[in-house]
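Hello,

Here is the structure I promised to pass on to you. Please have a look at it first, and then read my notes below.

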Amino acid sequence: MLYSERFSARVQIEEQRRIESMIDLSLLLPRLLNATESNPELAETVAKLAWTRAAGEGLRNHAVPFRLYRSTLIVSVADAIWQKQLRQMSPEFIFRVNKLLGRSVVDDIEFRIDPAAVDRMLSCIPVPPASREETRAPIPELMSAANSIADPDLRESFIRAAENCIERRESRMQTR
């Protein structure tokens, strides 16, 4: 193992520990929802936060919560491919969002193609341009499979292994 790989692995482990030591704000979502009964705008904000948490880090840059209309959460996606993939996963997302909120708030999720909304969200995230170029979009099937793994360490290992495998395959195809 090269020094840079060991260093990268150590940085990832330290980052994971830092994240795990933080207060899990998702535990506060049911309380926030109860406190916002009379304010629909705040309830919508809480539902959007729940979506962001339920969707996970891999989808944050590709599926942006837009609005909660009655009991339908409207999520903007970049293109028809994301729309199709996420629509198939919507029952799981509905379950996750409602579980985070502590009750049934979202009955349906509508995925709308709106690349401008996704781009606006990406422009709000302070990411250096060089790292944005290096980060590739996650493969929906890979993320779907990874989301079914409950253990966070095992999930991360699975994603890294799959990404390495894909990179090796692509590099072999380029050299041919």
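**What I found**

The side chains of Glu110 and Arg112 form a salt bridge, with N and O 2.6 Å apart. Glu110 is partly exposed, because its relative accessibility is 32%. Arg112 is likewise partly exposed, at 38% relative accessibility. Please keep in mind as you read that this is a predicted model.

**The chain as a whole**

Since you are new to this structure, here is the overall layout. The protein chain holds nine helices and three strands. Following the sequence from start to end, you meet them in the order α-α-α-β-β-α-α-β-α-α-α-α. Of the 176 residues in the protein chain, 31% are buried.

**The other salt bridges**

Side chains of opposite charge can pair when their charged atoms come close. How many salt bridges does the count come to? The count gives three, and the Glu110 and Arg112 pair is one that you have already met.

Another one joins Arg96 to Glu92, with a distance of 2.4 Å from N to O. Both residues belong to helix 5, which covers residues 90-101, and because they are four residues apart there, about one helical turn separates them. Is Arg96 buried or exposed? Arg96 counts as buried, because its relative accessibility is 17% and the cut-off for buried is under 20%. Its partner Glu92 has a relative accessible area of 32%, so Glu92 is partly exposed.

Glu44 and Lys48 make a salt bridge too, and their closest N and O atoms are 3.4 Å apart. You will find both of these residues in helix 3, four residues apart, or about one turn of the helix. Glu44 counts as buried, with 18% relative accessibility. Lys48 has a relative accessible area of 24% and is therefore partly exposed.

**A charged patch on the surface**

Next, please turn to the surface. Glu57, Asp151, Asp153, Glu156 and Glu163 come together there in a patch of negative charge. Where is Glu57 placed? Glu57 sits in the loop that runs between helix 3 (40-55) and strand 1 (63-69). With a relative accessible area of 64%, Glu57 is exposed, because the cut-off for exposed is over 50%.

**Aromatic residues**

Which residues form the aromatic cluster? Trp51, Phe93 and Phe111 make up one cluster. Across the whole structure, the search turns up two aromatic pairs.

**A residue with positive phi**

Arg70 is worth a look for its backbone. Its phi is near 55 degrees, which is a positive value in a residue other than glycine. Arg70 lies in the loop between strand 1 and strand 2 (72-77). With a relative accessibility of 70%, Arg70 counts as exposed.

**Residues apart in sequence**

I also noted some pairs of residues with their separation in sequence and in space.

- Leu28 and Leu101 have 73 residues of separation in sequence, while their C-alpha atoms are 8.7 Å apart in space. Leu28 belongs to the loop between helix 1 (3-21) and helix 2 (29-35). At 36% relative accessibility, Leu28 is partly exposed.
- Leu68 and Thr45 are 23 residues apart in sequence, and the distance from C-alpha to C-alpha is 8.5 Å. Leu68 is part of strand 1. Its relative accessibility is 13%, so Leu68 counts as buried.
- Pro91 and Asp107 are 16 residues apart in sequence and 9.0 Å apart in space, again from C-alpha to C-alpha. Pro91 is located in helix 5. Pro91 counts as exposed, at 56% relative accessibility.

**Where to begin**

If you would like a starting point, try helix 5. You can find Pro91 there, along with Arg96 and Glu92, whose side chains meet in a salt bridge. From there you could go on to the aromatic cluster of Trp51, Phe93 and Phe111, and then to the negative patch that includes Glu57.

I hope these notes help you find your way around. Do write back with any questions.

Best wishes

Note on methods. Residues are numbered from 1 along each chain as its sequence is written. This is a predicted model: local features need pLDDT of at least 70, side-chain atom pairs count only at pLDDT 80 or more; totals for chains, interfaces and linings use all residues. Side-chain values use heavy atoms; hydrogens and water are left out. Patches are made of residues with over 30% relative accessible area and no salt bridge: like charges are joined within 9 Å, nonpolar side chains (Val, Leu, Ile, Met, Phe, Trp, Tyr) within 5 Å. Accessible areas come from the Shrake-Rupley method with a 1.4 Å probe; for residues, only the protein chains shown count as cover. A salt bridge is a side-chain nitrogen of Lys or Arg within 4 Å of a carboxyl oxygen of Asp or Glu. Lys and Arg count as positive and Asp and Glu as negative; His and the chain ends are not counted. The place of a charge is taken as NZ of Lys, CZ of Arg, CG of Asp or CD of Glu. Helices (H or I, at least four residues) and strands (E, at least two) are DSSP runs, numbered from the N terminus. Buried means under 20% relative accessible area, exposed over 50%, partly exposed in between (1.4 Å probe, protein chains only). Rings of Phe, Tyr and Trp (its six-membered ring) pair if their centres lie within 6.5 Å; planes under 30 degrees apart count as stacked, over 60 as edge-to-face and the rest as tilted.
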